[in-house]
Amino acid sequence: MVLQEHDGEFFMKVDGVTLMSTIATASEQLMAELACESGARRVLIGGLGFGFTLRKVLELCGPDAKVEVAELLPEVVAWNREFLREVNGALLDDPRVTIHVGDVKECIDRASGGKFDAVMLDVDNGPDSLVHRDNDRLYGRRGFKKVKSALSAKGRVVYWSANRDKGFERELAKEFVNVRSVGAKAYPAAKKFSHTLFVADRG
């Protein structure tokens, strides 16, 4: 895994394949908008990336927000602080933000009793193409129950996915209400939706 800079833009690559960049951020920002549209104040973000979801959450949730960000890879946190500080890295020092270097499942496990108004999970390619096998604990019924327990009464979870998966949407509907899949563009001017956001409410 490497971080590359080209003409002022940054790219995170794994084995030469671009995993994320600073030029394709629309879906990450839309995820925050969907998660926080009901006035969330206590938020958990699974997956820091380049910080675009975090930036949008802080814009939307205001000065009283409490935002936890879980990032499994310490390198990603370090890159944000050192190389991406002028992009979104300075947000890691915002007093509203707590960084957890570790698995987001640990934050969810500790949050039973409705700690969060919104949970955003951008930790893998999606339910039908998991890169990390352990993440199936987030994308199955047991994971749904854990997430639901971490949400407040009117809380919402949003899953980011590279693909649309109707089966996953049906499984979510067995545990949550108002379940829907929302097409998301990688670039604002893109003509096609290249990603999917699964949105689900606790009740």
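Let me start at Val 2, which sits in strand β1, residues 2-6. Keep in mind that this is a predicted model.

Is Val 2 buried, exposed or partly exposed? Its relative accessibility is 40%, and buried means under 20% while exposed means over 50%, so Val 2 counts as partly exposed. Leaving out residues up to four places away in sequence, Val 2 touches Phe 11, Met 12, Lys 13 and Trp 79. For a sense of distance, take Arg 137: Val 2 and Arg 137 are 135 residues apart in sequence, and their C-alpha atoms are 27 Å apart in space.

Now the partner strand. β1 runs antiparallel to strand β2, residues 9-14, and five bridges join the two. One residue to look at is Leu 3, whose bridge partner in β2 is Met 12. The hairpin of β1 and β2 has two residues between the strands, and in this hairpin Asp 7 takes a positive phi near 55°.

Next, the nonpolar cores. In soluble globular proteins, nonpolar side chains tend to be buried together. Here the largest nonpolar core has 36 residues. Which of them touch the most other members? They are Val 43, Leu 54, Val 57, Val 67 and Met 120. Another core, of 22 residues, lies apart from the largest one, and its members include Ala 70, Ile 108, Val 147 and Phe 168.

Last, back to Met 120. Again not counting residues up to four places away in sequence, the contacts of Met 120 include Met 31, Ala 32, Ala 35 and Cys 36. Val 43, Leu 44, Ile 45 and Gly 46 are also touched by Met 120, as are Thr 53, Val 57 and Val 158.

Conventions. Residues numbered from 1 in each chain as written. Predicted model: local features only at pLDDT ≥ 70, side-chain atom pairs only at ≥ 80, totals over all residues. Heavy atoms only, no water. Helix = DSSP H or I, 4+ residues; strand = E, 2+ residues; numbered from the N terminus. Buried < 20%, exposed > 50% of the residue type's maximum accessible area, 1.4 Å probe, protein only. Contact = heavy atoms within 4.5 Å. Pairing = 2+ DSSP bridges. Core = buried A, V, L, I, M, F, W, Y, C linked by side-chain atoms within 4.5 Å.
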